[in-house]
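User: I am new to this structure and would like to understand the reasons behind the words used to describe it. Could we go through some of them one at a time?

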Amino acid sequence: MDNITALGGDVYEIDTRMAGYSGITAGYLILGDRPCLVETGTSTSAPVVRDALASLGVGPEDLATVVVTHIHLDHAGGVGDIARFFPSAQVVVHEKGARHLADPARLMASARMVWGDRLDTLFGELSPTESERIVALGDTGAIDLGNGRTLSSHYSPGHAKHHVGLVDSATGDLYVGDAAGVYLPETGDLRPATPPPDFDLQTALDSIALFGALGPRRLLFSHYGPVDAVQETLDRSAEELRVWVDLTRQAHSEGMDLDHAVAMVRDRTKERYTALKADDPTAEHFELLSGAPSNVAGILHWLDRVSP
Ligand SMILES: [Zn+2]
């Protein structure tokens with residue numbers, strides 16, 4: 001299938017075709033004795049992901065584990081559907097996200113407030129998963145991939161309070177979720193993802209430092225794809241956070257409202273990104289996944305908490 005890319009080490013990148021787009025949201029299959037899907041993508045992507053797994057030889061009874069880096073709908077919106085398609089799979093998530101996968105009503109209500117009618121076209125509805133199938137992770141945890149291979153989880157809040165990074169013992173791959181920002185493979189651009197209500201600068205920087213300390217050999221971005229230049233990229237992730245926070249703090253101290261703050265930060269950061277400078281169509285991916293309104297709103301929300 002043309003939406004599957006072999007990355008080596010029995011790892012396959014699956015383009016989930018989120019909302020019909022290519023190359024914006026990836027799931028990953030780690031194949032082996034106990035096949036593991038990292039990130040489901042959205043609910044509307046679930047049939048695409050199921051078909052990709054089938055073409056890789058993973059049938060309904062074969063998937064051992066589904067794990068999500070966090071429960072935002074572009075990463076975990078398909079958990080209920082995938083759990084139904086693969087009835088033997090356990091669902092693994094940080095303990096702060098577990099109850100929302102079992103009972104998504106509150107999560108869906110707040111997502112509906114943020115996204116309005118666009119919720120249906122972008123994500124669809126997260127359906128519930130039986131709580132007996134959910135395994136909750138603490139600060140660290142381990143997923144058995146079979147044959148002595150493990151995927152270890154590391155709590156990494158800042159982007160979201162229910163976020164984990166995952167390290168594959170066989171490949172040294174680190175699944176970064178959204179904690180290191182959004183990466184555009186077409187241009188090499190990297191932009192932070194700082195949405196409300198959980199964003200916290202120091203916590204986010206600490207998580208990026210933790211990722212560096214884990215010594216991964218490669219980063220796998222959910223948005224989007226593999227990156228080999230690990231430390232350079234993590235340094236860039238931290239720098240991006242500081243730039244966006246500094247500019248938003250300036251707007252905040254000048255008493256700007258959200259619309260003016262967004263316009264100012266968007267304008268003052270534009271030169272940093274090849275896709276935006278060149279009016280490249282992939283710039284649209286930034287706006288969908290880490291839009292300036294969402295990023296600035298998240299930083300303002302945090303500033304109001306720490307320095308009202
Ligand atoms: Zn997220």
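User: How do you know that the length of H8 agrees with what its 24 residues should span?

Analyst: Keeping in mind that this is a predicted model, the check sets one length against another. At 1.5 Å a residue, H8 should span 34 Å, and its end C-alpha atoms lie 35 Å apart, so the two values agree. After H8 comes Gly-255, whose phi is positive, near 75°.

User: Which residues of H8 are buried, and what covers them?

Analyst: The buried residues of H8 include Val-230, Leu-234, Leu-241, Trp-244 and Ala-251, and polar or charged names such as Thr-233, Ser-237, Glu-240 and Thr-248 are also among them. Their cover includes the strands E13, E14 and E15 together with the helices H7, H9 and H12.

User: What makes the buried residues of H9 line one face of that helix?

Analyst: The buried residues in question are Ala-261, Val-262, Met-264, Val-265 and Thr-269. Looking down the axis of H9, these residues fall within an arc of 170°, and therefore they line one face of the helix. They pack against H8 and H12, while the face turned away from the buried side carries Asp-259, His-260 and Asp-267, which are exposed. As for its length, H9 has 12 residues and reaches 16 Å from its first C-alpha to its last, close to the 16 Å expected.

User: Why is Asn-3 called buried?

Analyst: Buried means under 20% relative accessible area, and Asn-3 has 5%, so Asn-3 is buried. This residue lies in the segment before strand E1, and, leaving aside residues up to four places away in sequence, Asn-3 touches Glu-13, Ile-14, Asp-15, Arg-17, Val-48 and Ala-52.

User: Is Thr-282 buried or exposed, and how do you know?

Analyst: With a relative accessible area of 10%, set against the limit of under 20%, Thr-282 is therefore buried. Thr-282 is found in the loop between H10 and H11, where, again not counting residues up to four places away in sequence, Thr-282 touches Leu-184, Glu-186, Thr-187 and Ala-275. From C-alpha to C-alpha, Thr-282 and Gly-78 are 24 Å apart in space, and 204 residues separate them in sequence.

User: What makes up the lining of the largest pocket, and how much space lies in that pocket?

Analyst: The largest pocket holds about 960 Å³ of space. It is lined by 34 residues, of which His-72, Val-114, Trp-115, Pro-195 and Pro-196 are the closest to its centre. Two or more lining residues come from each of H2, H4, H5, H11 and H12, with the largest share, six residues, supplied by H5. By class, the lining divides into 15 nonpolar, 10 polar and nine charged residues.

User: What is the volume of the largest cavity, and which residues lie nearest its centre?

Analyst: A cavity is a space where a 1.4 Å probe fits but cannot get out, and the structure holds one such cavity of 30 Å³ or more. The largest cavity has a volume of about 80 Å³. Of the 16 residues lining it, Asp-178, Ala-179, Ala-193, Ala-204 and Leu-241 lie nearest its centre. H7 and H8 each supply at least two residues of this lining, and the largest share, three residues, comes from H7. The lining has nine nonpolar, six polar and one charged residues.

Technical notes. Residues are numbered from 1 along each chain as its sequence is written. This is a predicted model: local features need pLDDT of at least 70, side-chain atom pairs count only at pLDDT 80 or more; totals for chains, interfaces and linings use all residues. Side-chain values use heavy atoms; hydrogens and water are left out. Helices (H or I, at least four residues) and strands (E, at least two) are DSSP runs, numbered from the N terminus. The expected span of a helix is 1.5 Å times one less than its number of residues. Buried means under 20% relative accessible area, exposed over 50%, partly exposed in between (1.4 Å probe, protein chains only). The arc is that of the directions from the helix axis to the C-beta atoms. Contact means heavy atoms within 4.5 Å. On a 1 Å grid over the protein atoms alone, a cavity is a set of points where a 1.4 Å probe fits but cannot get out, and a pocket is an open set with protein on both sides within 12 Å along at least five of seven lines; lining residues have an atom within 4 Å of a point. Grid points are joined across faces, edges and corners, and a volume is the space filled by probe spheres set on the points.
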